[in-house]
Amino acid sequence: MTTLEEAWRWYECTARQFQLMQRLSHLYWTELPWNLLERDDRFRSLERERLMDEAQFGLSHLEDLAVVVLFSVFESLVRRHILAEVREEADMLSHRALKLAAQQMMEQIAEGSFFRVLQPFKDAHSDLIEEVNQVRRYRNWVAHGRGGVEPENVTPRLAYERLQRFLHIILPEPPTAS
């Protein structure tokens, strides 16, 4: 996934599929055409309770995973965009010390703390940067095994909206899926 829209679509489609499997197994299991389904190796061994449990298990982790995916796509977009802007400026530098400083800065943007990548935007957009940082903290908490103090909960929709607002500020046009 290379855009927030793709990541959001993945989340919505996946959630809908899990919900449909739950509904199908809960409400319509006995009405399914088992005389046909039993001929298929993948359906023959399906058990109603297992299907319901697995769909619920998938749903129970999907929201956290969606925040991780959304933020990962967002971080990649932001890093690439800022790196391109800085590289354009750095190409105009002539002094060796400034060139070295610019190279080190580009390395930090590409691989360093994302908190620091966002820091220069805080003066003009402090509230939004704090909202993005809340998403980042929640993503980190989930991605690192939910250890330590739980940060403020962030839903996929909230993450998507906050991250999208920030992208609209820094990107001339939101990128589209290829």
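## Glu75 and its surroundings

In this predicted model, Glu75 has its place in helix α4. With a relative accessible area of 15%, Glu75 falls under the 20% limit and therefore counts as buried. When residues up to four places away in sequence are set aside, Glu75 touches Phe114 and Arg139.

## The aromatic cluster

Phe114, one of the residues that Glu75 touches, also belongs to an aromatic cluster, which it forms together with Phe71, Phe74, Phe121 and Phe166. The structure as a whole holds 9 aromatic pairs. In the pair made by Phe71 and Phe74, the ring centres are 5.4 Å apart and the planes stand at 50 degrees, so this pair is described as tilted. Why are Phe71 and Phe74 separated by about one helical turn? The reason is that they are 3 residues apart in helix α4, which covers residues 48–90. Phe71 is buried, its relative accessible area being 0%, and Phe74 likewise counts as buried, at 0% relative accessibility.

Phe121 and Phe166 form an aromatic pair that is edge-to-face, with 5.3 Å from centre to centre and 85 degrees between the planes. This pair links distant parts of the chain, since its members are 45 residues apart: Phe121 sits in the loop between α6 (114–118) and α7 (122–143), whereas Phe166 belongs to helix α8 (residues 156–170). Phe166 is buried, with a relative accessible area of 0%.

## The largest nonpolar core

In soluble globular proteins, nonpolar side chains tend to be buried together. Here the largest nonpolar core has 42 residues, and the ones that touch the most other members are Leu4, Leu70, Phe74, Val78, Val132, Leu163 and Phe166. Phe74 and Phe166 are thus named both here and in the aromatic cluster.

Which elements give two or more residues to this core? They are α1 (4–27), α4, α5 (96–111), α6, α7 and α8, and it is α4 that gives the most, with 15 residues.

## Leu4 and a separate core

Leu4, which is among the core residues that touch the most other members, is in contact with Leu70, Val73, Phe74, Leu77, Tyr160, Leu163, Gln164 and Leu167, if its neighbours within four places in sequence are left aside. Apart from the largest core there lies another one, made of 5 residues, including Trp29, Leu32, Leu37 and Leu51.

Note on methods
Residues are numbered from 1 along each chain as its sequence is written. This is a predicted model: local features need pLDDT of at least 70, side-chain atom pairs count only at pLDDT 80 or more; totals for chains, interfaces and linings use all residues. Side-chain values use heavy atoms; hydrogens and water are left out. Rings of Phe, Tyr and Trp (its six-membered ring) pair if their centres lie within 6.5 Å; planes under 30 degrees apart count as stacked, over 60 as edge-to-face and the rest as tilted. Helices (H or I, at least four residues) and strands (E, at least two) are DSSP runs, numbered from the N terminus. Buried means under 20% relative accessible area, exposed over 50%, partly exposed in between (1.4 Å probe, protein chains only). Contact means heavy atoms within 4.5 Å. A nonpolar core is a set of buried Ala, Val, Leu, Ile, Met, Phe, Trp, Tyr and Cys residues joined through side-chain atoms within 4.5 Å.
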